[in-house]
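Q: I'm new to reading protein models. Can you walk me through a few features, one at a time?

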Amino acid sequence: MSATRHRALGGGVNHVLDYLRRMQAENPSFFYAIQGDNDHTGGSIFWADATSRMNYAYFGDTVVFDTTYRTNRYRVPFASFTGLNHHGQPVLFGCALILNDSEASFAWLFQTWLHAMSDRRPISITTDPDRLIQMAVTQVLPETRLRFNRWSIFKETQEKLAHIYQSQPTFEIEFKKCVNETETINEFESSWVSLLERYFLMDNEWLQSMYNARQQWVPAYMRDTFFGDFSITERNIGLNSFFEGFVNASTTIQMLIKQYEKAVASWHEKELKSDYDTTNTSPVLKTPSPMEKQAANLYTRRIFMKFQEELVETLANPATKIDDSGTVATYRVAKFGEEHKAHTVNFTFFEMKANCSCQMFEHSGIICRHILAVFRAKNVLTLPSQYVLKRWTRNAKIGDMQDEHATELPNNSRESLTDRYNTLRQEAIKYVEEGAKSIHIYNVAMDALQEALKKVSSAKNQSPVSAEDGALSNGRNQELHAAGDTETVACQSADEKEKKIRELTTELESINRRCELYRANLLGVLRDMEEQKLKLSVKVQNARLNLR
């Protein structure tokens, strides 16, 4: 199968390989690997740039593995590993061309990806419902919680039960309601049986197979695991959100790299904009609560908006104490008029710990309205630190990498390079923001950048390079062997001094481009102001003439 698919892609594979070799030569932290024959032309290909690898260090708690090409008949077998950044935006963790659909090929891919990510295993992973992928995940990531994408299951159910969907228009609505809106396992089980009986589908093989796999896709079974979802239906979509609009069924292998770079650049700019908005604008507070003000200063803008929604809802969700053992108090929290949907919160005051039956915090990392209602009743004025996940804060990529889910990071001295990179990046953003405020400041900033570039260039001959600086690189040129007859090629450069210069030079060039953009925008605003002044002057003159 791999040889057939390789022939179908033609010389485009070599085009991709040439690109990967060039990128790795420019930046040793760029990782790529090839599985397959000795000539490296028939196997799958994986790659991850330095940014993807560092982003994983901060946001690698939950992962999405997208193989949309298999269900949507893409011309290119392109797959991706993505996650969510601190703004809730898609963030890339690596890409692959899968030239061989087999369990061994997927196992190789997950092993290689894990190796590139310093063997740090995610808490959870979401994939399309596929037996080969499931077996590979079970083999390589046995402790990671596997979830099947509901959107894919709903789509396939519609195809398998087309006759039911056509003859019973209400079935789809009730089916999705049964899956999405049931909050407890017992509630789902009861609703499922009722649904099948009502539509006489108790013996339907497809629905039975989906029921057997319910722990991998029904939300009621997944609430105790972190997936970064803010609501039950928020990520009930296709998996390819990062490359949506860039890579599709008509994308050829020759177009792939260009579209890949466009997607990476687009999301990078969106992250920068969200960083800027979070840092330089203030949200409208809706309550006098000190906790709301605290959250506004801690969270990124989008995450704060979600927290604010939960906080405001406490006004309509009073907490009623129903039990108190002395150390643990139990509360019943329900919205006015919806007492039948009450949730239970257990609260330990001395430890400031609470857990809710809705398990929203466990699932999304955002504290729920029910716990906040109990805090309100107990006059807890600020958020306890354990309920603020750093990965959702504006400082998510500043300082030491931390695993907030009690998992040790088998981290091969990765912190030093990552911290330096992200500290420089954050300072560069501040520099751009200040440097674009006026033409004079812009010119001063550009002169300072040029001077800094000279100093960085001269530093390469004055300071030794530590072994740490190669932590995110693949090491020296080598081949990694896995799964018997497969082999991995992970080409690396040994020139660590040049690597530091290239990274800083690239960052400075990027800042330069953004400064030019800000300068162009500023000049446009100034031109508009001059035009408005001219128009106003004309109006004043006309008014004076009329008065005469």
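**Helix 13 and its two faces**

A: Let's start with one helix: in helix 13 (residues 290-298), Met291, Glu292, Ala295 and Ala296 are buried. Buried means under 20% relative accessible area, exposed over 50%, and partly exposed in between (1.4 Å probe, protein chains only). These four lie on the same side of helix 13, because they cover an arc of only 140° around the axis, taken from the directions from the helix axis to the C-beta atoms. Helices (H or I, at least four residues) and strands (E, at least two) are DSSP runs, numbered from the N terminus.

A: A word on the source: this is a predicted model, where local features need pLDDT of at least 70, side-chain atom pairs count only at pLDDT 80 or more, and totals for chains, interfaces and linings use all residues. Residues are numbered from 1 along each chain as its sequence is written, and side-chain values use heavy atoms, with hydrogens and water left out.

Q: Which exposed residues does the face of helix 13 turned away from its buried side carry?

A: Lys293 and Asn297 sit there. On the buried side, the cover includes helix 14 (301-313) and helix 16 (369-377), judged by contacts, meaning heavy atoms within 4.5 Å.

Q: How do I read disulfides, and how many does a search of the whole structure find?

A: A disulfide is a covalent bond between the sulfur atoms of two cysteines. Here the rule is a pair of cysteine sulfur atoms within 2.5 Å, and the search finds zero. Take Cys356: the nearest cysteine sulfur, that of Cys358, is 3.5 Å away, and Cys356 is in no disulfide. Cys356 also counts as buried, at 6% relative accessibility.

Q: What about aromatic pairs?

A: A pair of aromatic rings is described by the distance of the centres and the angle of the planes. Rings of Phe, Tyr and Trp (its six-membered ring) pair if their centres lie within 6.5 Å; planes under 30 degrees apart are stacked, over 60 edge-to-face, and the rest tilted. That rule gives 32 aromatic pairs. One of them, Phe171 with Phe175, is stacked, at 5.7 Å centre to centre with 10° between the planes. Both lie in helix 9 (residues 170-180), four residues apart, about one turn of the helix.

Q: Which pair is edge-to-face?

A: Try Phe188 and Tyr221: 5.9 Å centre to centre, 80° between the planes. This pair links distant parts of the chain, 33 residues apart, with Phe188 in helix 10 (residues 185-198) and Tyr221 in the loop between helix 11 (205-212) and helix 12 (253-280). Phe188 and Tyr221 are both buried.
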